[in-house]
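Shall we read a protein–DNA model together, one feature at a time? Bring your questions, and we will work through them at the bench.

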Number of protein chains: 2
Amino acid sequence: MSRTASIKDVANHAGVAVGTVSNVLNYPDRVSERTKVRVLQAIDDLGFVRNDAARQLRAGQSRTIGLIVLDVGNPFFTAVVRAAEDAAALSGSAVLLGDSGHKAERESHYIDLFQEQRVQGLLISPVGDVTERLDQLRERGVPTVLVDRRADETRFSSVSVDDDAGGYLAARHLLDVGRRRLAFVGASLAIRQVADRLQGARRAVSEFPDASLEVLEAEGQTVLAGRTVGNSLVERADGGLPDGIFCANDLLALGVMQSLTMMHTVRIPEDTALIGYDDIDFAVSAVVPLSSIRQPTEALGRTAIELLAEENSSNGEHQHRAVVFTPELVVRQSTVRD
Amino acid sequence: MSRTASIKDVANHAGVAVGTVSNVLNYPDRVSERTKVRVLQAIDDLGFVRNDAARQLRAGQSRTIGLIVLDVGNPFFTAVVRAAEDAAALSGSAVLLGDSGHKAERESHYIDLFQEQRVQGLLISPVGDVTERLDQLRERGVPTVLVDRRADETRFSSVSVDDDAGGYLAARHLLDVGRRRLAFVGASLAIRQVADRLQGARRAVSEFPDASLEVLEAEGQTVLAGRTVGNSLVERADGGLPDGIFCANDLLALGVMQSLTMMHTVRIPEDTALIGYDDIDFAVSAVVPLSSIRQPTEALGRTAIELLAEENSSNGEHQHRAVVFTPELVVRQSTVRD
DNA sequence: TCGTAACAATGAAACGATTCAAAGAATTGA
DNA sequence: TCAATTCTTTGAATCGTTTCATTGTTACGA
């Protein structure tokens, strides 16, 4: 098996100097038409493909950007990844994707890997507290943008979604359609995202003197956990039932919906209106299409790349920016009968 | 901002030769304890991180493997990716992930990129017909393993799942629980996977003289499409209803389930048993937990990496292998009441 | 004490691309 | 025709690592 052709082989084959081949590839208009044709022919003959390692070595930097997400299976991140890839492609960069799976160890592994690869920068949705590690990186010239986590602006740029606003939107929508006895269903209120959503909901409720908000803690962020909560609600169907339910994510909401509709004692949205969060694909195809809060995933991914570019271009001192996006209300039949 | 430290800086700082630093990193036991300590200290002082581009350049090959999937959002691929990453990590390789999104253009883009990166090999779940392109790659020393597509063994190794067997399993299970008037629900029968599942189902049915199989074509592979099919079934609830339904994927099955249960005229599994395919996360948390066919995703990913390693080690002529896995039946309440 | 073997450390060469100063060729105007 | 100018091409130096033949050092038995 023959070694893959190098630029030197191409030069020999075409009868020119290596510098000329390089020029054909990088500055085509510095080269005469005649030689260009010859060189391109040689490239084709030999099946030459640039060796990226050599380019990088010489350039001192790669054309890749590292992106570490918590879970590639999560549609939220999948969408962010895709947007980031597209945005990066515009400036000729590629995205290296790492899935930490919520594990600090895997996260650390990817940071190491990306640092060895001399990535242009790092986008990360951190598992634990990696700010020290990231500080280090920055000192070594690897700028970092936090994704889906607001950052101390003196240290990092970040893109995130305003969960408080999202919570407000959801609760306010329930209130706007006339509901007053609201319930919030969420697991692990310690998670910042969940806590913020609850806080936003509380804010909305406080604007209506006659409204109340009950908090129901679920055992997890899953459909099953939602169904457990739903079952306990069914038992209260006569009277004590909330007339508006806001779930911290769509999975919980779907679970609650299943419990409520299965018994046919509670009608959605007549007896109780239901809204989720995330607007996953399944929301639209639920038994009763689920109202939800949609996060601007494309904008997140795109902006993260842009912030990184900003940081890269303004070498040296740079004002970090924390960009916070506002989520969007998606109304479906689980809150408003057509 | 100071340039990142190189191995030469480390050598100076520690007062040794560059070769020694390299030895500390790659062959620690060739180096005396004393120098090792000093070098490691220097590495720490300067925050030295190996430059992977230089390593690669010297080595002539990278320690990465390219993996191109059709859709990272698809849980099937997500699982394969994760398994491949883990398997690759065992031999010290990393996986570069590319999402073609079913687009030949993106696929081609990633192949180019990976070729420039001099990946050790390529795992690909191809969009279109890329065999020519892959032949080229192989000639240039980049072995390829096809994922989720059986390959002509004279040209490529491959890992795939026996969809015919899966179809047989599903239909046979319905027959085994006493159903005889079966229906197959699937979209785009032209897709090999779908066609094979149907064929397998037919095979099972042919083993029971008194059994029949009706084919219902859906408009897509989605919950909504399933619901449409389900609605048409509800209208036949008195008499003409199949007593066993096999859907080509879980989304369709969930849609069908929604339609059937919503009306409360059809009971699952009493009136009709329902089975899907893929065993997605949602299957277990459906209103009636869905029986399904599970594909051995971990084995797929792991084996793909192994086949690649085989091909890499046996340089030169190599017997390709097409490994075909057998899917597994997962029985839940949609086919068998506890 | 010496010779030998085992062990450590050295540093130049190589990997393949890009860069850039310098040389060479072609073109222009007088 | 010649000098000045512009356009092409050249090839050595460089990036940071690994490799390996060579040199230097230490330990040990005779």
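What follows is a short dialogue on a predicted model.

Q: Let's begin with the DNA. Which residues come nearest to DNA strand C?

A: Start by listing the residues with a heavy atom within 4 Å of the strand. Here there are 25 residues around DNA strand C, and those that come nearest are A:Ile7, A:Arg58, B:Ala17, B:Thr20 and B:Thr35.

Q: And what do the residues of that surface divide into by class?

A: Sorting by side-chain class is a handy next step. The surface near DNA strand C has nine nonpolar, ten polar and six charged residues.

Q: Which helices each supply at least two residues of the surface near DNA strand C?

A: Mapping residues back onto secondary structure answers that. In chain A they are helix H2 (18–26) and helix H4 (52–59), and in chain B they are likewise helix H2 (18–26) and helix H4 (52–59). The largest share, four residues, comes from H4(A).

Q: Which part of DNA strand C lies within 4 Å of the protein: sugar or phosphate, or bases?

A: Count the DNA atoms within that distance and split them by type. For DNA strand C, 71% of these atoms belong to sugar or phosphate, and the rest belong to bases.

Q: Where can I look for individual phosphate contacts?

A: Pick a phosphate oxygen and look for N or O partners. A polar backbone atom of A:Ile7 is 2.2 Å from a phosphate oxygen of DNA strand C. Two side chains also offer an N or O atom to a phosphate oxygen of the strand: A:Ser22 at 3.2 Å and A:Asn26 at 3.2 Å.

Q: Now the protein pair. How much area do chain A and chain B bury between them?

A: The size of an interface is often given as the accessible area lost when the parts come together. Chain A and chain B bury about 4,400 Å² between them, with 56% of it on carbon and sulfur atoms. On the chain A side, A:Glu116, A:Arg118 and A:Phe282 supply 14% of the area buried against chain B, more than any other three residues. The contact takes 50 residues from chain A and 50 residues from chain B.

Q: How many salt bridges does the rule find across the interface of chain A and chain B?

A: Look for oppositely charged side chains facing each other across the boundary. The rule finds ten salt bridges there. One to display is between B:Arg106 and A:Asp86, at 3.0 Å from N to O. The count of residue pairs in polar contact between the two chains is 24, with both residues at pLDDT 80 or more.

Terms used. Residues numbered from 1 in each chain as written. Chains lettered and ligands numbered in written order. Predicted model: local features only at pLDDT ≥ 70, side-chain atom pairs only at ≥ 80, totals over all residues. Heavy atoms only, no water. Polar contact = N/O pair within 3.5 Å; in protein donor to acceptor, adjacent residues only side chain to side chain. Nonpolar A, V, L, I, M, F, W, Y, C, P; charged D, E, K, R; others polar. Contact = heavy atoms within 4.5 Å. Buried area = accessible area lost by both parts, 1.4 Å probe. Salt bridge = Lys/Arg side-chain N within 4 Å of Asp/Glu carboxyl O.
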